[in-house]
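Fancy a few warm-up exercises with the viewer open? Try each task on your own, then check the steps below it.

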Amino acid sequence: MRPALAARLAGQRLARGQAGLERVREPLDRIDPVVVELDGKRLVNFCSNDYLGLATHPDVADAMARAARGDFGNRLRQSGGVGSSASALVSGYTRPQRELERALADFLGFEDALVVSSGYQANLAIGQALLDRSDAVLGDRLNHASLNDGARLAGARLRRYRHNDIDDARAKMAQSPADRVRWIASDGVFSMDGDLAPLPALAKLADRHDLGLWLDDAHGFGVVGEKGRGIHEHLGVSSEKIDAFVVTFGKSLGTQGAVIAADRALIEALVNRARGVIYSTAMAPPLAAATGCALNLLKQQSWRRRRLHDNIRCFCERAAAAGIALASSATAIQPIIIGDNIRALALANGLAERGFLARAIRPPTVPIGRARLRITLSAAHRPEHIAGLVDAMEDLMT
Ligand SMILES: Cc1ncc(COP(=O)(O)O)c(C=O)c1O
């Protein structure tokens, strides 16, 4: 490496280390749905987004392997293969992706859907296809980075309102030239706090000012709503009130990728204008087949969602009894706010020594001074895992 670059990187690394902000990747071995091994030590994983325990489901793995071998049942005869080999507009769009789009559009209650390779890509696609420099977006201050990046990279102005504060959203609206604000963007279930967006009020604001409503329910899908459709089902808001609905596959479905569900006209705009759709290889067909299988399991096995909620309750009751301060979340994401970065890291290390994996989430993922342990629960956790975690936390924190 050339000296100027090396010096620059070393300076940045030193600053990150001093602030407790250095991040590292650690290769894990998966032992079972919730146990991983790190450097020879077994840890119960409390920081995965595999909320329903589908990531290691044998049927999902089989669907992927069968699709790669070209076995789609008797209905379809295809050569199989792994990669899609081209972008969707060239020749990478195949029947498994289309079937997945139709199944998701029907289940979520939208006219059509577009599958892309990641949730991050989905939000960039929406920004790019639907916004330009003359637009402004009202966004919750705690929105996921991909919503912010989607708006900003399109050149739109992002007006961030206080978390879940509709009055502040209205005030921010009033501060912008009225014809510029075209969208409200929000997480459904907030990724770092686990609380819910005030969707009925957001929909009302969108109605009143004729704004598009862009909702990313990566963490609500599969978790909330009677059938697991997500926050709109849970809060009784019609899907017609949501103009662009994003669900990612790397959480409840346990696979990878994302879908944008919307009216057909909006999907057509994405296909024609989103550079991440036009200039990127389409999702691998076996991944689409595996995701379709996971979606069927999500629909058929509602006991997974019930077990997840039993586990969430069990964690909250035990933590409260142990004197651990909880945030106001009734979802799988349970943040334990620590504040200081280095203390959060020390607690995460202490938990790892006691056999539990829970990462310290620090800025810029969360606001400065709000470092936390982000505990995530899964239907695959057993009561003894949760009891052990809370005992370890009590030991370290109280
Ligand atoms: C709310 C939200 N949206 C989008 C994403 C990005 O999805 P993906 O991991 O599929 O890129 C995430 C996290 O991964 C998320 O939490």
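Helices here are DSSP runs of H or I with at least four residues, strands are DSSP runs of E with at least two, and both are numbered from the N terminus. You're looking at a predicted model, where local features need pLDDT of at least 70, side-chain atom pairs count only at pLDDT 80 or more, and totals for chains, interfaces and linings use all residues. Residue numbers start from 1 along each chain as its sequence is written, and side-chain values use heavy atoms, with hydrogens and water left out.

**Backbone oddities**

Task: Which loop holds Asn-164, and where does Pro-364 sit?

Solution: Start with Asn-164, in the loop between strand 6 and helix 7 (166-175). Its phi is positive, near 60°, although the residue is not glycine. Now jump to Pro-364, found in the loop that runs between strand 13 (360-361) and strand 14 (371-376). The peptide bond joining Pro-363 and Pro-364 is cis, with omega about 5°. For context, most residues other than glycine have a negative phi, and most peptide bonds are trans.

**The sheet of 7 strands**

Task: Work out which strands stand at the edges of the sheet ordered 4-10-9-8-7-5-6.

Solution: First, the overall picture: 7 strands make an open sheet with mixed pairing (two strands pair if DSSP finds at least two bridges between them). Strand 4 (112-116) and strand 6 (157-161) each have a single partner strand, so they are the edges, with one side of each lacking a neighbour in the sheet. From one strand to the next, the twist averages 20°. Next, zoom in on strand 4, which pairs with strand 10 (residues 258-262) in the antiparallel sense over 5 bridges. One bridge to find in that pair: Val-116 has Ala-258 of strand 10 as its partner.

**The sheet of 4 strands**

Task: In what sense do strand 3 and strand 12 pair, parallel or antiparallel?

Solution: Begin with the order, 1-2-3-12, in an open sheet of mixed pairing. Strand 1 (29-30) and strand 12 (356-357) are the edge strands, each pairing on one side only. Then look at strand 3 (residues 41-45): its pairing with strand 12 is parallel, over 2 bridges. To locate it, pick Val-44, whose bridge partner in strand 12 is Phe-356.

**Helix crossings**

Task: At roughly what angle do the axes of helix 2 and helix 12 cross? Do likewise for helix 13 and helix 15.

Solution: Axes are lines fitted to C-alpha atoms, for helices over the stretch in contact, and angles run from 0 to 180 degrees between N-to-C directions. Helix 2 (residues 58-68) and helix 12 (residues 285-300) have axes that come within 8 Å and cross at roughly 150°. That makes helix 2 roughly antiparallel to helix 12; angles over 145 degrees count as roughly antiparallel, under 35 as roughly parallel, 65 to 115 as roughly perpendicular and the rest as oblique. Now take helix 13 (residues 302-321) and helix 15 (residues 383-397), whose axes come within 10 Å and cross at roughly 25°. Helix 13 is therefore roughly parallel to helix 15.
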